[in-house]
Amino acid sequence: MSQIENQEHSSEYAPVPIPHSEVRRSDVSPKQAKYQQRLISLLFGLSMLCAVIFVVAYVQIPIDETVSIPFLGTWSKMNTILGLSFGLGSFFIGAGVIQWAKQLMSHREMVQDRHPLRSPDDAREDAIAQFQQGAQESTFATQPILRRSLIGAMALFPIPLVMLLRDLGPLPGDKLFNTMWRPGMRVVMDVTSAPIRPSDIPIGGIVSAMPDGLPEVQEHDGNLNERAKSVVLLVRLNPDDIVSQQNPEGEASWDYEGVLCFSKICPHVGCPIALYEQRTHHLLCPCHQSTFDLADSGRVVFGPAARDLPQLPITVDKDGYIIARNGFAEPVGPSFWERA
Amino acid sequence: MKSLATQRRKPVAALVLVVLVLSLIGALYAAVGSATKVQAVDAPNSAEQIALGEKLFVQSCSSCHGIGGVGTDEAPSLVGAGEASADFQLSTGRMPLTAEQAQAQERTPVFSDEEIMAISKYVGSLGAGPSNPTASQLEYENADLALGGELFRTNCSQCHNFAGEGGALSNGKYAPNIRNASPLQIWQAMITGPENMPVFSDQTMSDSDKQAIIKFVNHLDNEPSFGGWDGGSLGPVSEGLTVFLLVIGLLIGAAVWIGAKVR
Amino acid sequence: MSNAIGNFASGLDDRLTIASWSRRNIRKVFPEHWSFMFGEMALYAFITVLLSGIYLTLFFKPSMTEVLYDGSYVPLKGVHMSEAYASTLDISFDVRGGLLLRQIHHWAALLFVAAMSVHLVRVFVTGAFRKPREINWMIGLGLLMMGFLAGFSGYSLPDDLLSGTGLRIAEGIMLSIPVIGTYLSFFLFDGEFPGDEFISRLYGIHILLIPGVILALITAHLLIVWYQKHTQYPGKGKTNDNVVGYPVMPIYAAKAGGFFFVVFGVIVAIAGVITINPIWGYGPYMPDQITAGSQPDWYMGWLEGALRIMPNWETVAWGHTISWNVFIPAAVLMGIVFTLLGAYPWLERWATPGDQTKDHNLLDRPRNAPTRTALATGSLTFYFLMLIAGGNDIIASQLDMSINAITWVVRIGIFVIPPFVFWITRRICLSLQRKDRDLLLHGVETGTMMRLPHGEFEEVHAPLSEEAKAVILSKETIEPIPYPEKTDANGVKTPHYHLKKMQAAVSHWLYRDAVPLPSAAELEAAEHHILESAEKGAPVMHQMRQLEAEGGVMHDPSAAEADRAAGVTVPHLDAEFDQKAEDEKGQQAD
């Protein structure tokens with residue numbers, strides 16, 4: 001077992017062992033070889049044990065049982081034991097095989113010649129000659145009309161492949177320019193759909209809101225497209241703190257007694273933007289940290305966003321609930337090519 | 001606990017905190033319930049209490065907030081700040097402020113529970129403002145957990161992270177970790193808007209909504225980390241670090257072992 | 001060999017000529033080094049991804065149809081969500097071992113891209129991409145890009161809050177592409193974002209198209225490695241025309257095969273004890289919800305960082321908007337980086353004199369290609385700065401720093417720090433070359449001083465080992481391509497003068513300042529000199545070795561006496577001896 005009797009086979013293709021002086025202990029000591037043999041078979045045995053543990057755990061452990069690991073938390077018992085038994089079972093096989101190769105297989109460095117990758121000159125010449133023969137027989141060069149018309153046909157051939165992609169989706173139309181906000185539409189609370197009175201929002205307060213009827217639109221469309229562009233934030237500032245708003249000159253300001261309504265969709269790449277710092281009136285986007293000053297027309301004060309956060313003009317209806325005075329004056333969300 | 005409070009912003013804090021929090025799950029179950037009852041006792045709004053509060057206020061608060069809490073150049077007026085606000089600031093140790101920072105840090109409270117109650121009552125008496133919830137308002141056990149999750153993800157997770165671990169705001173400000181906040185503190189924070197946190201008024205966030213959110217936060221605190229160690233619940237950043245430092249590290253070790261000469 | 005196997009093999013050879021192939025390949029030699037294992041690591045991670053992915057397809061429902069969740073995870077009971085997210089919850093909580101499979105899949109995917117990236121750096125800094133391996137370098141870049149796509153598409157499938165946020169950003173990036181962006185986005189999402197088709201479309205791409213391309217590229221990559229034979233590090237007996245290592249059968253097969261089980265085992269065990277992507281915590285995707293610290297997986301982190309640090313430039317002209325602030329960092333940057341990576345082997349070849357026909361099978365030591373190594377460290381610095389910017393919110397909240405400050409430091413840092421790292425790396429490489437030259441000329445400093453009979457102190461120098469010498473001498477000293485003359489002696493203009501001038505400039509940039517190896521004559525003289533020193537120091541060295549064997553402390557006065565008699569002095573030992581003698585005297589006097 002300890003000494004591997006090498007009957008050296010040599011041929012044109014067999015690698016040549018490099019003479020070396022380093023001898024492994026397992027090569028000269030039968031005791032060491034025996035030890036390695038035991039160690040490696042132990043590793044394989046452990047792997048088998050792991051497989052058994054895996055099966056038992058899979059059958060026996062309830063899927064919702066947890067196990068408390070000191071300092072590291074409470075984990076799913078099944079996940080932990082399945083992972084460890086399967087993982088270690090695999091690891092032991094690998095460790096055993098590698099140890100076998102290192103300790104007991106003949107471990108001699110060998111040398112082999114590389115051969116140039118380039119073909120010999122005569123092979124190249126022959127290949128070229130054969131190609132030319134083929135080219136000549138194809139009449140590709142002597143039939144210009146056929147050649148050109150074939151190229152033309154090949155150029156048009158992919159058109160159906162592209163055309164077939166057309167119905168992947170509708171044309172953009174003006175969808176990116178509009179939201180469902182209309183004059184007189186109530187601004188209601190997100191999640192609960194309750195209407196809001198200005199007095200409900202204290203100074204420093206914030207409300208995640210949406211147009212009244214959004215859930216019905218979602219239901220009807222079967223998607224979340226409208227939610228992805230029409231959600232808004234209501235904040236209330238001390239009217240004295242408001243520096244400017246987005247209303248055109250001459251028009252009444254777009255707030256209602258210090259309550260301001262802004263789009264919740266970041267004009268950078270569209271993340272919902274809602275990290276509101278009530279003391280600084282800054283709104284921060286958690287994705288790329290664009291920061292907008294809500295007291296100053298939603299102006300960009302930091303970060304990669306290029307445009308101010310669109311403001312929605314609001315007022316109250318006869319019942320005292322907040323309504324949109326108009327839709328957004330500009331497209332909400334990320335910039336796009338067609339946007340002016 | 002003091003050292004924990006001062007170390008809480010250190011890089012290892014996430015790990016330490018999670019470990020602490022998760023290993024104390026059982027204790028917290030009990031602690032949360034009892035703390036609720038102790039703190040939310042509706043003591044009579046006695047004149048004595050307010051008088052004591054005024055005395056303490058003059059000693060410890062008026063240098064910045066002014067006599068009578070009318071505010072100075074250094075600190076805002078507390079007229080109308082309300083009892084809940086004062087209670088939150090004092091019981092989380094944010095006030096009295098020790099140093100000018102981006103925002104007040106959470107610390108061990110300086111005052112005793114009685115003193116805090118007295119000062120809070122006094123501040124509450126300065127003008128109408130948010131008051132502390134009653135014990136029954138804080139009973140959240142029957143609230144809707146799933147609704148709490150939805151409200152949390154709509155209103156809270158943008159700053160406090162999906163697992164309540166907290167996150168960064170602009171210019172060094174931050175939203176704190178709220179996993180170990182008490183129901184009373186969560187309630188107070190929502191109605192008073194401490195620091196830069198916006199206010200969620202009773203009208204826009206009903207009692208039952210608040211209770212649902214408290215239930216969800218409490219659940220976050222107690223939920224097992226099913227898949228194993230959670231890396232601080234920081235998302236893909238800690239996962240990427242784990243791949244490079246742990247997985248590739250282990251495998252390089254294996255590769256070196258494979259190539260190592262045997263004697 | 002038993003008869004049955006023999007008959008089988010013989011039958012196979014009758015039909016497929018396997019013997020002729022096998023005799024050349026069965027004992028093919030592969031060089032061994034730990035740094036050669038990164039490619040295998042990536043391969044095995046990919047196999048793990050494939051295996052776990054197959055199981056996941058059996059349970060995952062790629063549909064955006066809205067359902068009411070009614071599974072085992074209590075906090076989401078009764079919440080509206082897509083079927084994709086609901087089935088991912090089912091895999092996590094109702095399928096036994098499902099959570100493990102998800103975590104294996106995700107960890108293996110992260111490792112796949114990570115191992116490829118480290119492999120790329122290893123190949124670059126050792127010059128393994130040079131002729132004849134440029135094609136495989138390009139295939140490798142293709143694999144890396146496919147790895148990004150595979151990872152990102154997988155990250156987006158569960159339709160949790162994080163994956164939906166990632167898709168929203170992807171849509172924003174698509175919209176920023178001039179002219180076609182809006183159409184591209186509308187076609188991919190079947191209208192506006194998020195639509196109700198995208199997950200099922202992405203699913204086909206994720207489980208069929210991308211893995212198919214990756215498998216094809218991996219096959220080509222491995223066949224080429226096999227055919228061209230692996231490169232090797234320089235060393236004794238290793239030349240450009242041979243391979244020194246271990247035969248595939250049995251050593252390399254056993255080690256590489258065993259390594260698969262190690263990689264697989266480590267991934268699975270990690271998946272058992274460390275959470276990855278806890279989708280139940282993020283909640284279902286809603287376009288108006290978000291969590292603090294929204295991040296992509298690490299391999300997208302550098303692009304995320306670029307998006308974060310980009311100044312807010314946007315052009316509005318003639319009724320159209322170009323979002324430079326999104327288009328440049330998210331689309332143009334990636335194009336530039338991969339174009340530069342793909343072009344580099346050809347560029348270096350163009351600027352290296354006499355490199356048009358030569359094969360490079362012996363790897364460069366990084367120090368021997370200072371400009372290339374410096375390019376690598378400079379680029380890595382750039383990359384890491386962007387990664388830092390990509391995690392600026394996490395860094396800010398964990399280290400109590402300001403997001404704005406980090407952003408500004410990186411904004412300025414990406415222009416300042418990489419060139420500095422480039423410069424300093426180049427200086428370090430050149431210094432190491434100088435050290436190598438010194439080693440050849442003066443041998444190894446043993447750290448042992450000896451005093452010569454006439455009182456001079458001298459350090460004993462030992463000759464370099466054959467292996468070390470072979471490694472150092474492997475360096476090729478390359479003279480940069482000379483600058484062309486504008487006109488030749490006859491006043492005829494040099495053709496392509498400007499191109500040639502540029503070629504020479506690049507060549508100088510790559511190869512100037514190299515420290516030449518000593519000439520043959522210098523080497524011979526040095527060898528003589530070193531041997532002389534070693535011979536002179538031999539008794540001292542012998543003494544030192546003996547001392548080391550005895551525990552490193554002089555405690556045998558007779559040895560020193562014997563040395564004195566032999567005319568060898570060891571200063572500190574002598575002093576110790578004298579001290580001891582005096583102590584003894586003192587004791588006697590007492």
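Guide: Two strands pair if DSSP finds at least two bridges between them. Strands themselves are DSSP runs (E, at least two residues), as are helices (H or I, at least four), and both are numbered from the N terminus. This is a predicted model, where local features need pLDDT of at least 70 and side-chain atom pairs count only at pLDDT 80 or more, while totals for chains, interfaces and linings use all residues. Residues are numbered from 1 along each chain as its sequence is written, chains are lettered from A and ligands numbered from 1 in the order in which they are written, and side-chain values use heavy atoms, without hydrogens or water.

Visitor: What makes strand 5 and strand 6 of chain A a pair?

Guide: Three bridges join strand 5 of chain A to strand 6 (residues 206-211) of chain A. The rule asks for at least two, so the strands pair. They run antiparallel. A:Met189 stands opposite A:Ala209 of strand 6.

Visitor: Which strands are called edge strands in the sheet 5-6-7-8 of chain A, and why?

Guide: That sheet is open, with four strands and antiparallel pairing. Strand 5 (187-189) and strand 8 of chain A each pair on one side only, and those are its edge strands. Neighbouring strands are turned by 40° against each other on average, direction ignored. For such angles, axes are lines fitted to C-alpha atoms (for helices over the stretch in contact), with 0 to 180 degrees possible between N-to-C directions.

Visitor: Why is the link between A:Arg236 and A:Glu257 called a salt bridge?

Guide: The rule wants a side-chain nitrogen of Lys or Arg within 4 Å of a carboxyl oxygen of Asp or Glu. Here the N to O distance is 4.0 Å, so the pair counts. A:Arg236 sits in strand 7 (residues 232-236) of chain A, A:Glu257 in the loop between strand 7 and strand 8 (259-263), 21 residues apart. In general, side chains of opposite charge can pair when their charged atoms come close. Over all chains the count comes to 33 salt bridges.

Visitor: How do you know that a sheet spans chain A and chain C, and what is its strand order?

Guide: The order is 1(A)-4(A)-4(C)-1(C), an open sheet of four strands with antiparallel pairing. Its edge strands are strand 1 (16-17) of chain A and strand 1 (29-30) of chain C. Between the chains, four bridges join strand 4 (residues 110-113) of chain A to strand 4 (residues 242-247) of chain C. At least two are needed, so this pair qualifies. A:Val111 stands opposite C:Val244. On the chain C side, helix 10 (residues 248-273) lies across strand 1 and strand 4, at about 75° to strand 4.

Visitor: What makes chain A and chain C an interface, and how many residues take part?

Guide: Contact means heavy atoms within 4.5 Å. By that rule, 78 residues of chain A are in contact with 100 residues of chain C. The two bury about 7800 Å², 63% of it on carbon and sulfur atoms. Buried area is the accessible area (1.4 Å probe) lost by two parts on being put together, summed over both.

Visitor: How many salt bridges cross between chain A and chain C?

Guide: The count is three. One of them joins A:Arg307 and C:Glu314, 3.2 Å from N to O. That is within 4 Å, so the definition is met. The interface also has 31 residue pairs in polar contact (both at pLDDT 80 or more). A polar contact is a pair of N or O atoms within 3.5 Å; within protein, one must be able to donate a hydrogen and the other to accept it, and residues adjacent in sequence count only if both atoms are side-chain atoms. Among the elements of chain A that give two or more residues are helix 2 (30-60) and helix 3 (77-103). Helix 3 gives the largest share, 17 residues.

Visitor: What does the contact between chain B and chain C take from each chain?

Guide: It takes 50 residues from chain B and 61 from chain C. About 4600 Å² is buried, 68% of it on carbon and sulfur atoms. Salt bridges between them number zero. Polar contacts come to 16 residue pairs (both at pLDDT 80 or more). Helix 12 (236-259) of chain B is one of the elements that supply at least two residues on the chain B side. Helix 12 has the largest share, 18 residues.

Visitor: Where is the cis bond before C:Pro250?

Guide: The bond joins C:Met249 and C:Pro250, with omega about 10°. C:Pro250 is in helix 10 of chain C.
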